[in-house]
Every structure is written in structure tokens, then in C-alpha cells.
Amino acid sequence: RVLPLRQELFQAPFANLGRTVNYPAEAVAVVDDILAGHHPQLVLFGLDPWWLNPVWRHAPDFRSHDEVGGALSPGAIMAPLRWLADGRIDLTVFTGRLLDSGSAERDGVALLGIQALMTERGYRDDGSLARGLMLHGVGLAADFGFADTQVRIRSGQAQFQFGDAVDVERLGQLAEAIGRLQDAGIAVVTYVPPVAPTVLTAIADEGRKFAFIDATRAAFSSLGTSHLDAWDATVLGGNDCEFVDGFHHGET
């Protein structure tokens, strides 16, 4: 939910590390990796309330950190042919990539890879995510009318699993990650990214099923950082139209 932040918004050099932290213990590992090679002046740290919901069990073993790459497997070599057969790419793009090793561009940004060429969606060189043609009305958004997010809320699925407590151990891990940055002389600003106002209402309608959210937001504000709680998008003047789905804000 931090991925729309871009280099263009800052005068100093900027890198977006979105998706490197999905769990508080993972934050400690990422901070260690940062400090091993660089000491930034400032870290803007986006915090999601479900991180401290004891029911939330997302990738606690961090297998996504394993190194990938190296020699291409037979499956990887055949993947473009499967995409062509499935209609995920068209013949023009397929043959164009075979005949031209250069990259296409949009607004001066290089488009690398099949998905970027087809949909203009992908990661930019600063680590931010470009959502591409979806923002230009080419096809419906995946969460049209926030219907999918509201199903998750009513049934307690994915990020919106029901919970009424704060996981104290995870809060401690988050404090440890932030403390290591501060001990290294790095300023830390924490913030809670917003959800769409319609989604905020849907959560409130479920009553105490999501008690962990307010408890977690209170815990975040006690971490000893400069902190902005923008869970309610109206704090920033936001509205439903600024969201690409129920809990990911868009470019505005």
C-alpha cells in the first residue's frame, strides 16, 4: 500500500521498498539489510493494521526472500509460448520482443517485460509500482465497486480476518526495527495508509469483529516516531474515486 510513492515526489534520492515487509519480524530483517549497505537520512514507514492481528499469518517463514534466477528452467523457456496460446500476449508483442532487444517507453519511463508492454503495469527503477492502463480506463478494475473487498470484510478473509487483540510480540518486533533505524541516526516517520471511505463504513458495520484495527492504530501511535494515521482517507481529503481497490489508494 506504499507503492505509489515515487521519486518525482521528492527532491532527494528516493527508493520505494514496498512489499519487502509483510510481517513485523520481516521488518527487522529488512532493516538489517538496509543498514549493512546504506544509511538513508529518512525512512517513511507505512504500517498496516492487520500486521498486529494475531489471526493474520502471512508468510511468517519469509520464503519469498529466497534467491531466484540463475539458469532458465524448461518451464520458464516455454512460458511465453503458453502466454501466446492463452491470449495473455498477442503475436505482435511476441515477435516484437524476439526481433527487438530495446525497450518501449511511456513518459520517459522504460517498459521492461511482457506485462509492462501489454498493460504498462510493473515496477519502476525507483521500486514504485506503475498501475498502467487500468488507470486510463482500459478494462474494469479488479475490485469494481469495491465488491471483492466488501466480501472479504463480511466473511473475514485475507487482510480482513476478524480479531479483537494486538499481538504484543509483533508490536515489539516492529519497535525493534524502528529502534535500530533511530539508533543509526535515521529519522523515521510512520504512517497508516488509507482505505476507501466505503470500506471504512463496511468495517464499522461489522462492529467488534474488527476491534484489533483501532487497538493496533493506537499501538502504532506509541512507537516514538512522527506519525500520521490516515486510515480514514478523509483525513487527507480523500474519497472513493481515489482508490484502485478497497484498500489501495491510487495516484492522486
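This is a short tour of selections to make in the open structure. The model is predicted.

**Stop 1: helix 6**

Select residues 168-183, which form helix 6. Helix 6 has 16 residues. From first C-alpha to last, helix 6 reaches 22 Å, close to the 22 Å expected at 1.5 Å a residue.

Now colour the buried residues of helix 6: R170, L171, Q173, L174, A177, I178, G179 and L181. What covers them? Show helix 1, strand 1, strand 6 (187-192) and helix 8 (211-220), which are among the elements covering these buried residues.

Go to the N-terminal end of helix 6, where D167 forms a cap. A side-chain oxygen of D167 lies 3.1 Å from the backbone nitrogen of E169. Then move past the end of the helix. Just after helix 6, G185 takes a positive phi of about 85°.

Stay with helix 6 and select E176 and R180. Their side chains meet in a salt bridge, 2.3 Å from N to O. Both residues lie in helix 6, four residues apart, about one turn of the helix. An α-helix has 3.6 residues a turn, so residues three or four places apart point the same way. Are these two residues buried or partly exposed? E176 counts as partly exposed because its relative accessibility is 35%, within the 20% to 50% range. R180, at 29% relative accessibility, is also partly exposed.

**Stop 2: helix 5**

Next, select residues 147-155, helix 5. Pick D148 and R152. They form a salt bridge, with the closest N and O atoms 3.1 Å apart. D148 and R152 are four residues apart in helix 5, about one turn. D148 is partly exposed, with a relative accessible area of 37%.

Now pick I153, which also lies in helix 5. I153 is buried, at a relative accessible area of 0%. Which residues touch I153, leaving aside its neighbours within four places in sequence? Show F160, F162, V199, A202, I203, E206 and F210. For a distance check, pick H249: I153 and H249 are 96 residues apart in sequence and 18 Å apart in space, C-alpha to C-alpha.

**Stop 3: E206 and the other salt bridges**

E206, one of the contacts of I153, leads to the next pair. K209 forms a salt bridge with E206, and the closest N and O atoms are 3.2 Å apart. K209 counts as partly exposed at 37% relative accessibility. Next, select E8, R124 and D126, which salt bridges with shared partners join into one network. In total, the structure holds ten salt bridges.

**Stop 4: N53**

Select N53, in the loop between strand 1 (42-46) and helix 2 (74-86). Is N53 buried or exposed? N53 is buried, because its relative accessibility is 1%, under the 20% cut-off. Turn to its side chain. A polar atom there lies 3.0 Å from the backbone oxygen of Q161.

Show the residues around N53. Not counting residues up to four places away in sequence, N53 touches Q161, F162, G163, A165, R170 and F212. Two of these names came up earlier: F162 is also a contact of I153, and R170 is among the buried residues of helix 6.

**Stop 5: A25**

Finish at A25, in helix 1 (residues 24-37). A25 is partly exposed, with a relative accessible area of 23%. Draw a C-alpha to C-alpha distance from A25 to Q41. The two are 16 residues apart in sequence and 23 Å apart in space.

Key: Residues numbered from 1 in each chain as written. Predicted model: local features only at pLDDT ≥ 70, side-chain atom pairs only at ≥ 80, totals over all residues. Heavy atoms only, no water. Helix = DSSP H or I, 4+ residues; strand = E, 2+ residues; numbered from the N terminus. Buried < 20%, exposed > 50% of the residue type's maximum accessible area, 1.4 Å probe, protein only. Salt bridge = Lys/Arg side-chain N within 4 Å of Asp/Glu carboxyl O. Polar contact = N/O pair within 3.5 Å; in protein donor to acceptor, adjacent residues only side chain to side chain. Contact = heavy atoms within 4.5 Å. Expected span 1.5 Å × (residues − 1).
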